[in-house]
Amino acid sequence: PVFWAYGIVTQTRCILFANMELMWKDGAMKFLEAQENEQGNVHVEFYDYSNFHEVIELFMDGDTKVWLDSRSGFDIYEICRKKIEEGKGDIHSQILVKDSPVMVKKAVKNEVEIANMKKTHLHDACAVIEYLHWLEKNIKENTKLNEVEAADQLEQFRSTLPDFVGLSFDTISAYGPNGAIIHYKPDSSNCAVISTDNLYLCDSGGQYKTGTTDITRTVHFGKPSAHMIKTNTLVLEGHCQLARAKFPEKLQPNKLDVLARTPLWKLGLDYEHGTSHGVGAYLNVHEYPPSMTRRISSEDSPPLLPGMILSNEPGYYEEGNFGIRIENLLLVKECEELSGKKKFLEFETISLVPFQRDLIDLDLLSDEARQWVDSYHERCLNEVGPILKKRNEDAFNWLVNSCTPLKQ
């Protein structure tokens, strides 16, 4: 629900540069004008996207001070630099390159956004559970379904939910070797048929007027190999370690990346993507600045703050064989259990879809992780169950079976 744009904000003016033809065509301008009339004290000037560079030149002279977001294009920096130097100004004191404060403010959700995101994930979980039940039933009955047909059915389940607007990204519906392609997109003309011989990875999400979702589950509809179970359990262990983390405030997210990777590292394994990205509230499914990778953080990299929502998605991939990824969304909140002189934070998992029991080796899973999974499955049943039972009795029964404690 966003569009490509530039913005210039001064002490007296607010200017937005976008594709005006599309803005009018899609109804965005009518919405923005209505918002402006409602607010009363906010006036935004609109120009076409193509006018941005010439307009910013008009703003710049030897005395102008400008704050450029750290992800601004080099071409914008060069315009500012040249105009300041032409006016005999000092670029070091007049150009500040730093994360926009708007980005952090947007990433920290308020109470209404948090409540709506939690509500959204309860409903979205119903669609994902209905889908996994439907897919398992059809594959075991030898129904021929390819990756695209399966993804289309998942979208159909989501489309029946309250306030559904569309997908938050193209569904990664990946069977067997395709699961090892991290950003795989199936093509109906040559995609794989889902069967009982290999793993199936589904990374998907929805956009709702109340929030944004992003969830990944990896399942097997036949008899998984010992190697598949082992590597999936290691990924799940890392997922649990991050989900259970308690950490001091003002910590940069990259400092926690090691928690998700350690179980794999112990066996010389790893995955070549980030562990986490921020997620907006009915905004971008990849939202800056929250991000968790192996990269070293810069000193001024924004820390994790209460109200931020980010993913927890460790994985394991074998080219030509299969891929595994387990993803939930996490809400950062204050840790009341450790409320001492120093403030600590923790995560609350807001995605609520059970993990496949057949892919978990209890001898490899730590007691702490097993207890967390059992507690998580209890939440899935208690929080999603009542909504799901009204929608789909068969899917509800599937949920009950999937949430049985691991040692039973």
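Analyst: Let's start with a yardstick: a residue is buried when its relative accessible area is under 20%, exposed when it is over 50%, and partly exposed in between. Please keep in mind that this is a predicted model.

User: Thanks! Then why is Tyr-282 called partly exposed?

Analyst: Its relative accessible area is 26%. That value is neither under 20% nor over 50%, so Tyr-282 falls into the class in between. You will find Tyr-282 in the loop between β15 (276–278) and β16. Its backbone is worth a look too: phi is positive, about 50 degrees, although Tyr-282 is not a glycine.

User: Which class does Asp-163 belong to, and why?

Analyst: Asp-163 comes out at 35% relative accessibility. The cut-offs are 20% and 50%, so Asp-163 is partly exposed as well. This aspartate sits in the loop between α8 (147–159) and β7 (164–167). Asp-163 has a positive phi of about 65 degrees, and it is not a glycine either.

User: What makes the peptide bond from Tyr-288 to Pro-289 worth noting?

Analyst: That bond is cis, with omega near 10 degrees. Pro-289 belongs to strand β16, residues 287–292.

User: Now to a charged side chain. How do you know whether Glu-130 is buried or exposed?

Analyst: By its relative accessible area, which is 5%. The cut-off for buried is under 20%, so Glu-130 counts as buried. Glu-130 is part of helix α7.

User: What makes the pair Glu-130 and Arg-391 a polar contact?

Analyst: The two side chains come to 2.7 Å of each other. A pair of N or O atoms has to be within 3.5 Å, with one able to donate a hydrogen and the other to accept it, so a value of 2.7 Å meets the distance limit. Setting aside residues up to four places away in sequence, Glu-130 also touches Phe-157, Leu-388, Asn-392 and Ala-395.

User: Why is the packing of α7 against α11 given the name it has?

Analyst: Helix α11 covers residues 367–391, and its axis makes an angle of about 60 degrees with that of α7, at a distance of 9 Å. Oblique is the name for angles outside the ranges under 35, 65 to 115 and over 145 degrees, so α7 is oblique to α11. Residues making this contact include Leu-122, Cys-126, Ile-129 and Glu-130 on the α7 side, and Val-384, Ile-387, Leu-388 and Arg-391 on the α11 side. The crossing is right-handed.

User: What else does α7 lie against?

Analyst: Helix α7, residues 111–140, lies across strands β10 and β13, at about 20 degrees to β13. Those strands belong to an open antiparallel sheet of three, in the order β8-β10-β13.

User: Why are β8 and β13 said to stand at the edges?

Analyst: β8 (172–175) and β13 (215–220) each have a single partner strand, so one side of each is left without a neighbour in the sheet. From one strand to the next, the twist averages 10 degrees.

User: How do you know that β10 and β13 are paired?

Analyst: Count the bridges: six join β10 (residues 199–204) to β13. At least two are needed, so the two strands count as a pair. For an example, Leu-201 has Thr-218 as its bridge partner in β13.

User: What makes strand β20 largely enclosed?

Analyst: Five of its seven residues (328–334) are buried, so β20 is largely enclosed by the rest of the structure. β20 also has antiparallel partners: four bridges join it to β17, residues 309–312, and five to β21, residues 344–349. In these pairings Ser-311 stands opposite Leu-329, while Leu-331 is matched with Glu-348.

User: Last one: what kind of pairing does the sheet β1-β2-β3 have?

Analyst: Its pairing is mixed, and the sheet is open. β2 (residues 14–18) and β3 run parallel over four bridges, with Ile-15 partnered by Glu-45. The edge strands are β1 (5–9) and β3 (45–48), each pairing on one side only. Neighbouring strands here are turned by 20 degrees on average, direction ignored.

Key
Residues numbered from 1 in each chain as written. Predicted model: local features only at pLDDT ≥ 70, side-chain atom pairs only at ≥ 80, totals over all residues. Heavy atoms only, no water. Axes fitted to C-alpha atoms, helices over the stretch in contact; angles between N-to-C directions. Contact = heavy atoms within 4.5 Å. Buried < 20%, exposed > 50% of the residue type's maximum accessible area, 1.4 Å probe, protein only. Left-handed = near helix turned anticlockwise from the far one by under 90°.
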